[in-house]
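Open the model in your viewer and keep the selection panel at hand. This tour goes from one selection to the next.

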Number of protein chains: 2
Amino acid sequence: MARQPTVSDVALAAGVSRQTVSNVLNAPDIVRTATRERVERAISDLGYRPHASARRLRTRRSSTIGIRLYPFAGGISGAVLDRYVHALTENAAERGMRILLYTARTPDEEIEQFRRLTDGADVDAFVLTSTFHGDARTGWLLEHDVPFATFGRPWGDDDLGDPQHLWVDVDGAAGTAAATKHAIAAGRRAIGFLGWPSPSGTGDDRARGWARALRSHGRSPDGLRWAVEDDLTAARAAMAGVLTGGGPGPVPDAVVCASDSLAVGAHLAAMDAGVHDLLVIGFDNTPVSEALGLSSVEQRPEDVAVGTLDLLMGAHGTAVDPSVPRTGTGHVLVEPRLIVRE
Amino acid sequence: MARQPTVSDVALAAGVSRQTVSNVLNAPDIVRTATRERVERAISDLGYRPHASARRLRTRRSSTIGIRLYPFAGGISGAVLDRYVHALTENAAERGMRILLYTARTPDEEIEQFRRLTDGADVDAFVLTSTFHGDARTGWLLEHDVPFATFGRPWGDDDLGDPQHLWVDVDGAAGTAAATKHAIAAGRRAIGFLGWPSPSGTGDDRARGWARALRSHGRSPDGLRWAVEDDLTAARAAMAGVLTGGGPGPVPDAVVCASDSLAVGAHLAAMDAGVHDLLVIGFDNTPVSEALGLSSVEQRPEDVAVGTLDLLMGAHGTAVDPSVPRTGTGHVLVEPRLIVRE
DNA sequence: GTCGCCTATTTGATCGATCAAATCAAGGCG
DNA sequence: CGCCTTGATTTGATCGATCAAATAGGCGAC
């Protein structure tokens, strides 16, 4: 038989109707055991596999999640997203879902992609990975009843509690707090924080964790916080000044950083200055920090991926069904983990 | 109207039949201009978009290409593949194709995925990214008439000329030759090569480029070639011995490497040994070499992606159609580019 | 005038599955 | 015995598009 077998072929072989075959696949519990076993044998004998497009046409569901692939930034931090996408693909497959990629250069272009993919019933839901304040994309998706979840909190506080907006995020403050405590335990006396300029939702959160950890040990964070754009060279230059005592504040013997880019910059600045015992802790645990033997806070992209799917499909769901009322808080906060090196 | 408009709605609005609407979309040249314009107006008035699954069911084509996402290796070299996947997604979108991800832990698991995705008419073709000698996957795909292309030459020579097997690859020898010539031009006298143990298709190819460049300048490669597994620590250890003069050969003042992992290892070994003028050139131009300011051979993943689609769909094709006879040689060899830093 | 030919358009069938409603069989109970 | 309920299975319609074949209309040739 050249043609792939269909439900009808299976039905014929098993001596039942099409619908019963369909039931064996989609609602096995309503089929009598004897019948079900007969159908299952026919399925495996014929090597039958459901035709995904036909099913999608009828059910108006695609079992597919769309995710945007960002242009290669040329930098370091893409690695977290790549791990996330991989974990998402793997876990989605276990639940019978697939991941479809798309690209866009601007938010408007992305909304245009939303249109294309939802109108064609190509995807059931979207995962957004970099949301920002006043993001038009989440508005569009809510308005058109398209399920979605974001990796990253909606930092506009109005949306934070909105149970309609599902989000997963990493508890950045907990991560930097753990890093800071590690530095304290290692006997460091002046523990600084190298972060990004305020306001930055993620960046300020990470700074808070560091400050809180210091205070809870009776220390003051004053004068030990520096901010530069997320760029290796900028970080290197800024830390060069700090380490040679050129700045107003004290000279640190440890630096907790908001990203691995900054950490590598700090590390190189220390090398430049001949300082060999500066404890540098990065964030994201990218290959670069691994290569240089720097400790780093690991975001656990795998756990974030599982959390994302739990939100979209329910903890044990196997489909994205917007009509099922949501249970739980509508968000997941993943505890990061400090990877200690050297 | 809550429901998305269909061809029938458009047909009604434009006063034509369903099929004419379909023709406007798929074969505009056979529709009279006046009619076409009327239909096009109705399409945009109603905001009609074709239902992808319905079309796929009927045409038995999905306009989708499957690509495997590899488990996060924890290393450095994943970056090239990530850039490649991104470029593939972007270029595929321009041709009306989509990229679907899947994962697998073993070749057998991957073949199982081939089955699932082709039987369900989920994908039209596959792109394989890491082929090896005697790969069962290509055999399965050929046997089942599933179109595919590989990023990477089939190193088993029997397949190299087989026009059935489409492949794109980067001319690694040209890349290492360019790196070697750069070192010669920079006045280096003892230019070594740090690569992987033989036999390795890709690795031996890269070594050849280095040796050839040296010989064409009247120099001998003897005693300047070292081989370790693709691992930073192993490279660092190996080069430590070489740089301190502990080895049998001469001490190099430049090292061309088969990968950025090796290059970073060599660079760190030089730092350890207090050697500050060792010229290290990597391969893959990953964020790590960028961060450390090392020169590196860039694989041009974007060009590789374009080449892949050209092979699968024809230079200007917009669909994967196995019935169209193949033109050209069936493979593309991309010339890499040396990125010079510092 | 009408026959054939070409082009533009329409009609009916079909792709492979699921939905909704109908049918059938087996008990339970007054 | 007859009626109702429950559970298992079947039947006919449908999702939205394209394919293949049929039809209508215009034009030139005989």
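How much area do domain 2 of chain A and domain 3 of chain A bury between them? They bury about 860 Å², 59% of it on carbon and sulfur atoms. Buried area is the accessible area (1.4 Å probe) that two parts lose on being put together, summed over both.

Before moving on, some ground rules. This is a predicted model: local features need pLDDT of at least 70, side-chain atom pairs count only at pLDDT 80 or more, and totals for chains, interfaces and linings use all residues. Residues are numbered from 1 along each chain as its sequence is written, chains are lettered from A and ligands numbered from 1 in the order in which they are written, and side-chain values use heavy atoms, with hydrogens and water left out.

**Stop 1: inside chain A**

Colour chain A by domain. Domain 1 is 7-50, domain 2 is 64-170 + 301-334, and domain 3 is 172-298. These bounds come from an automatic or database domain assignment.

Now select the contact between domains 2 and 3. Domain 2 of chain A gives 10 residues and domain 3 of chain A gives 13. Contact here means heavy atoms within 4.5 Å.

Show side chains. There are 2 salt bridges between domain 2 and domain 3 of chain A. A salt bridge is a side-chain nitrogen of Lys or Arg within 4 Å of a carboxyl oxygen of Asp or Glu. Pick Asp205(A) and Arg153(A): their side chains meet in a salt bridge, 3.2 Å from N to O.

Next, highlight helix H5 (78-94) and helix H14 (301-313) of chain A. Each gives two or more residues to the side of domain 2 that touches domain 3. H5(A) gives the most, with 3 residues. Helices (H or I, at least four residues) and strands (E, at least two) are DSSP runs, numbered from the N terminus.

**Stop 2: DNA strand C**

Select DNA strand C and the protein residues near it, meaning those with a heavy atom within 4 Å. Which residues come nearest? Of the 27 around the strand, they are Gln19(A), Ser22(A), Asn26(A), Thr35(B) and Arg60(B).

Look at the DNA side too. Of the strand C atoms within 4 Å of the protein, 59% belong to sugar or phosphate and the rest to bases.

Zoom in on the phosphates. A polar side-chain atom of Thr20(B) lies 2.7 Å from a phosphate oxygen of strand C. For Thr35(B), an N or O atom in the side chain is 2.3 Å from a phosphate oxygen. At His51(A), a polar backbone atom is 2.8 Å from one.

Then show the helices. H2 (18-26) and H4 (52-59), in chain A and in chain B, each supply at least two residues of the surface near strand C. The largest share, 5 residues, comes from H4(A).

**Stop 3: chain B against chain A**

Select both protein chains. How many residues does each give to the contact? Chain B gives 45 and chain A gives 45. The area buried between them is about 4,300 Å², of which carbon and sulfur atoms give 59%.

Find the charged pairs. The count between chain B and chain A is 8 salt bridges. Centre on Arg56(A) and Asp122(B), which form a salt bridge with their closest N and O atoms 2.9 Å apart.

Finish on chain B. Among the elements that supply at least two residues to the side touching chain A are strand S2 (98-102) and helix H12 (260-272). H5(B) gives the most, with 6 residues.

Terms used: A polar contact is a pair of N or O atoms within 3.5 Å; within protein, one must be able to donate a hydrogen and the other to accept it, and residues adjacent in sequence count only if both atoms are side-chain atoms.
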